[in-house]
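This briefing gathers points for a reader who has the coordinates open and wishes to check them residue by residue. The topics run from charged pairs to helix packing, backbone geometry and the surface.

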Amino acid sequence: MGDPRTTAADIADKLAAGEVTSVEVTQLHLDRIAEVDERVHAFLHVDPEGALAQAAESDARRARGEARGPLDGVPIAVKDVLATRGLPTTCGSKILEGWIPPYDATVVTRLREAGLPILGKTNMDEFAMGSSTEHSAYGPTRNPWDLDRIPGGSGGGSAAAVAAFEAPLAIGTDTGGSIRQPGAVTGTVGVKPTYGGVSRYGLVALANSLDQAGPVTRTVLDAAMLHDVIGGHDPRDSTSIAQEWPSFTEAAHAGASGDLTGVKIGVITEMQGEGWQAGVMSRFTESVETMVAAGAEVVEVSCPSFVHALAAYYLILPAEASSNLAKFDAMRYGLRVVPDGDPSAEEVMRATRDAGFGDEVKRRIILGTYALSSGYYDAYYGQAQKVRTLISRDFAAAFDQVDVLVSPTAPTTAFRLGEKLDDPMAMYLNDLATIPANLAGVPGISVPNGLADEDGLPVGLQVLAPALADDRVYRVGAAAEALLTQKWGGPLLDKAAGLEGVSR
């Protein structure tokens, strides 16, 4: 097997048929990383020795007829916010530089148990705070479509690794769109599961009530297969949902026919109009028309509280983040900066946090601490939680009318590196369409749906479903993917101009 563009599902079939070995597939992707990652910078740490050892174990299992599942032997990249035993976990921050966890996150445990070799850890905005992966303490990741543009954030490293064919699969985390928005701007598939559907144990928390790990892939089927591996109840996570989940792989297969007969699709009134790039809206309108032609019924749905989602999110998230990041105090692990003289513990803590945290993290800690402070809690954090309730009610009312909701995933295509670093509000607006799902805990998927007319860069279609109905996003997402891929005559990533000059 010599083509890193092969999908995870196709690799799984080739492994099952004995046409390739896991060692060959893993080495192919390690070679690809060595070839292109100096330019893309999707990875913070690559583990060739460990990945090849895991691949060899997979090959031995298959030789004995003991494969652990269809993805046994298919390599994967993991966002550097998930604890990995024996591998560095830095969260893109200097304050955790060199930290090697003594345990695995539950998601990582399930990947290992399913036999997926871990290629390495992907770059990210520091502690997942950002929409561009420019806030990594270790330098930005670049978009494989145009190396002068951002790959989205905070999980731009995972999305770029998949888009640059450095990994067939990746794990990301989504707090306000950090899987779906990078998916949209890199032409990949990103899924945010129902809150509690995938364990958060071992995921270094940004905002406990919002964070959710999920798949980053090149096809909806690949995402479904990976979701089947990492999902399910975990008694070590108090927010994990204790229920049986349907097969998301079966849902994706069902949707791949492209038939949407009887499916009611809601177009959200508030996610269009001023501020949305014309090319993004053109592709969205065309995608909706394509789904209607495949049998879907479209209903215009108003969710009036969504216009307040951004403001509520940027009070709730900083408040939770300021509490979560208090544990990085130079006393137990991570960076320690000791000032001259005979400093007190407080002075060591102050110096360490000043040196170890970047500007965006400091900005959000200050904002969150203020929102939680005495005299301001009810006026800010309390009011934001009330808005959150209204958003959940809007979702409930909408899903009484339709099966799924659709919108563009992001209001614009990928912007240039550095373009919005000095304008935090402009950066925050990139999560306008994705944030409501995190506030309400509902699942969502971003599927590539074309290139914008203005710049030829990828655009994403977002599909949202009620909580616990993740199978719907896979069915509708797979149908949209099948219809659009047929229209294009092949995968959108084949058109990635930024990869010209980078051999495949």
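Glu 346 is exposed, with a relative accessible area of 54%, and in this predicted model its side chain meets that of Arg 350 in a salt bridge, at 3.0 Å from N to O. The notes below begin with this pair and other charged side chains, then turn to two helices, to the backbone and to a surface patch.

**Salt bridges**

- Arg 350, the partner of Glu 346, is partly exposed, with a relative accessible area of 49%.
- Both residues of this pair, Arg 350 and Glu 346, belong to helix H11, where they are four residues apart, or about one turn of the helix.
- Elsewhere, Arg 283, Glu 286, Asp 453 and Lys 487 are joined into one network by salt bridges that share partners.
- In total, the structure holds 20 salt bridges.
- One of them links the side chains of Arg 149 and Asp 146, with an N to O distance of 3.1 Å; Arg 149 is buried at a relative accessible area of 12%, whereas Asp 146 is partly exposed at 21%.
- Another is formed by Asp 329 and Arg 332, whose closest N and O atoms are 2.9 Å apart; here Asp 329 counts as buried at 11% relative accessibility, while Arg 332 counts as exposed at 58%.

**A buried acid without a salt bridge**

- Asp 431, which lies in the loop between helix H14 (424-428) and helix H15 (435-440), is buried yet has no salt bridge.
- The nearest side chain of opposite charge to Asp 431 is that of Arg 364, at 6.2 Å, and because a salt bridge requires a side-chain nitrogen within 4 Å of a carboxyl oxygen, this separation does not qualify.
- Leaving aside residues up to four places away in sequence, Asp 431 touches Ser 131, Gly 176, Gln 181 and Tyr 314.

**Helices H1 and H7**

- In helix H1, which spans residues 8-17, the buried residues are Ala 8, Ala 9, Ile 11, Ala 12 and Leu 15. Because these residues cover an arc of only 160 degrees around the axis, they fall on the same side of H1.
- The face of H1 turned away from that buried side carries the exposed residues Asp 13 and Ala 17.
- The cover over the buried residues of H1 includes helix H2 (22-40), helix H3 (48-63), strand S4 (169-173) and helix H7 (220-230).
- H7 is itself mostly covered, with eight of its 11 residues buried; these are Val 220, Asp 222, Ala 223, Ala 224, Met 225, Leu 226, His 227 and Ile 230.
- A glycine with positive phi follows H1, namely Gly 18, with a value near 75 degrees, and just after H7 there is Gly 232, with a positive phi of about 110 degrees.

**Backbone geometry**

- As background to the next three points, most residues other than glycine have a negative phi, and most peptide bonds are trans.
- The peptide bond that joins Gly 153 and Ser 154 is cis, with omega at about 5 degrees, and Ser 154 is found in the loop between strand S3 (118-122) and helix H5 (156-163).
- Thr 133, which is found in the loop between S3 and H5, has a positive phi near 60 degrees although this residue is not glycine; at 0% relative accessibility, Thr 133 counts as buried.
- Ala 330, found in the loop between helix H10 (309-324) and helix H11 (345-356), also has a positive phi, near 70 degrees, and Ala 330 is buried, with a relative accessible area of 3%.

**Surface patch**

- On the surface, Tyr 370, Tyr 376 and Tyr 380 form a nonpolar patch, and together these residues have about 280 Å² of accessible area.
- Within this patch, Tyr 370 lies in helix H12, which covers residues 359-372, and is partly exposed, with a relative accessible area of 40%.

Terms used
Residues numbered from 1 in each chain as written. Predicted model: local features only at pLDDT ≥ 70, side-chain atom pairs only at ≥ 80, totals over all residues. Heavy atoms only, no water. Buried < 20%, exposed > 50% of the residue type's maximum accessible area, 1.4 Å probe, protein only. Helix = DSSP H or I, 4+ residues; strand = E, 2+ residues; numbered from the N terminus. Arc of directions from axis to C-beta. Contact = heavy atoms within 4.5 Å. Lys, Arg positive; Asp, Glu negative; His and termini not counted. Patch = residues over 30% accessible without salt bridge, like charges linked within 9 Å, V, L, I, M, F, W, Y side chains within 5 Å. Areas by Shrake-Rupley, 256 points an atom, 1.4 Å probe, with all protein chains shown as cover.
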